[in-house]
Amino acid sequence: MRISSIIEVVEGELKNSPSISFVYKIKTHINKVHEGDLFIAKNEEDIPIAIKKGAFGIIYDFEIDIIDKEIAWIQVANINYAISKLIRFKLSNQDLKAFYCNKITFELLTLFVKYNDEKIKLISNNLDDEIELMESIENFDTIICQDKEILNNIYPNNKNFNHTQYAVKNLVEHSLFETTFSCGKNYFSRLKLPSLYINHFLEVYAFLNNEVDTNRLKKLRSFKPLFIDKYFKMIEYGNSDKFILSQIDESIAVFEINHLKNKYKYAKTYIFSKKTSKIDKSMVDYFVNTLHDMKELLVNIKFNAIYVVGFSQEEIEHFITKNNTKSLL
């Protein structure tokens, strides 16, 4: 790609008169830079490394001295805007199908879509990670993103993925986390899937032409329980009457909390949330700063289910692993 074209696309300013006039590829991660690449720099300290690795150009949005006049130095007003403009330029000549979807659908798609052998590309919310993926997109591919605004910025001709409501029959809820049901001619037995996400699953199932490995639902992170014993130690799935659910996204948390309270009415359930969250206070039993604060409160509470807003499952797993030698009850 010619330097002059890049400057026009990102609405940047060439700060010197370089001896080169083109670059081969665009990189946002310093460890992936090779000779001939254009490096998009968010940190000043990465620039000397990129130059040493052979970068032909640097895009940046801060003040810095030019240390190599042979390569192109392109200053922009906003680096994230420049990234989205470059991606939009790369996609503008492609005939694509593009969809935005909700976060649960996106998570399900990540379980079933294989990047290497499908013409479906999943676009994350971090465009820094997607520059290289753009190189592999071809005509008639499908791109899917969970952020409508991001998708509008890079490929405005897009549609809503979530638009179908499926008729579910013969629903059996074996537990909060396992269901059997039928839809049309399809029968699904004992899926590791909560009933609140059945429609999300069916949308993905239909989109992928019924070709999914339902065993992969075991890896679904949303509304996935961590079973614990009385010593606050993780144990195998289903081997306890105590479990913890968690959710970072507050909008999804509201959805899941309502489902939990509706389906688990007769159990002792408590809702914890980070004090910094903006979730409706009426939904929360305890606000805490840390998971340690939560554990201190649980010492004096008899419970079956704990739902935690604002902490990821990974954070809770790590906390439990570190603290599994002390008795909770």
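## Exercises on a predicted model

The largest share of the lining of the largest pocket, 4 residues, comes from α4. The structure is a predicted model, and its protein chain averages a pLDDT of 93, with 97% of the residues scoring at least 70.

**Exercise 1.** Describe the largest pocket by its volume, its lining and the residue classes of that lining.

*Solution.* Begin with the volume, which is about 330 Å³. Next, take the lining: 17 residues contribute to it, and those that lie nearest the centre of the pocket are Glu-107, Arg-221, Ser-222, Gln-247 and Ile-248. The elements giving two or more residues to this lining are α4 (103-112), β14 (243-247) and α10 (313-322). Finally, sort the lining residues by class, which yields 5 nonpolar, 7 polar and 5 charged.

**Exercise 2.** Determine whether Thr-180 is buried or exposed, and then trace the partners of its side chain.

*Solution.* Locate the residue first: Thr-180 belongs to strand β11, which covers residues 178-183. Its relative accessibility is 6%, and because buried means under 20%, Thr-180 counts as buried. Then turn to the polar atoms: the side chain of Thr-180 makes a polar contact with the side chain of His-174 at 2.6 Å, while a polar atom of the Thr-180 side chain lies 2.8 Å from the backbone nitrogen of Arg-190. As a last step, set aside the neighbours within four places in sequence; Thr-180 is then in contact with Asn-170, Leu-171, Val-172, His-174, Tyr-187, Phe-188, Ser-189 and Arg-190.

**Exercise 3.** Carry out the corresponding analysis for Asn-170, establishing whether this residue is buried or exposed and which residues it contacts.

*Solution.* Asn-170 is found in strand β10, residues 169-175. Its relative accessibility is 57%, and since exposed means over 50%, Asn-170 counts as exposed. Beyond four places in sequence, the contacts of Asn-170 are with Thr-180, Phe-181 and Ser-182. With Ser-182 there is a polar contact between the two side chains, at 2.8 Å. To place Asn-170 against a remote part of the chain, consider Lys-302, which is 132 residues away in sequence and, from C-alpha to C-alpha, 35 Å away in space.

**Exercise 4.** Identify where pLDDT stays under 50, and state how many contacts beyond four places in sequence the model has there.

*Solution.* The stretch in question is residues 325-329, over which pLDDT stays under 50. For these residues the model has 16 contacts beyond four places in sequence.

Definitions and conventions: Residues numbered from 1 in each chain as written. Predicted model: local features only at pLDDT ≥ 70, side-chain atom pairs only at ≥ 80, totals over all residues. Heavy atoms only, no water. 1 Å grid on protein atoms, 1.4 Å probe; cavity = no way out; pocket = protein on both sides within 12 Å on 5 of 7 lines; lining within 4 Å. Points joined across faces, edges and corners; volume = space filled by probe spheres on them. Nonpolar A, V, L, I, M, F, W, Y, C, P; charged D, E, K, R; others polar. pLDDT = per-residue confidence, 0-100. Contact = heavy atoms within 4.5 Å. Buried < 20%, exposed > 50% of the residue type's maximum accessible area, 1.4 Å probe, protein only. Polar contact = N/O pair within 3.5 Å; in protein donor to acceptor, adjacent residues only side chain to side chain.
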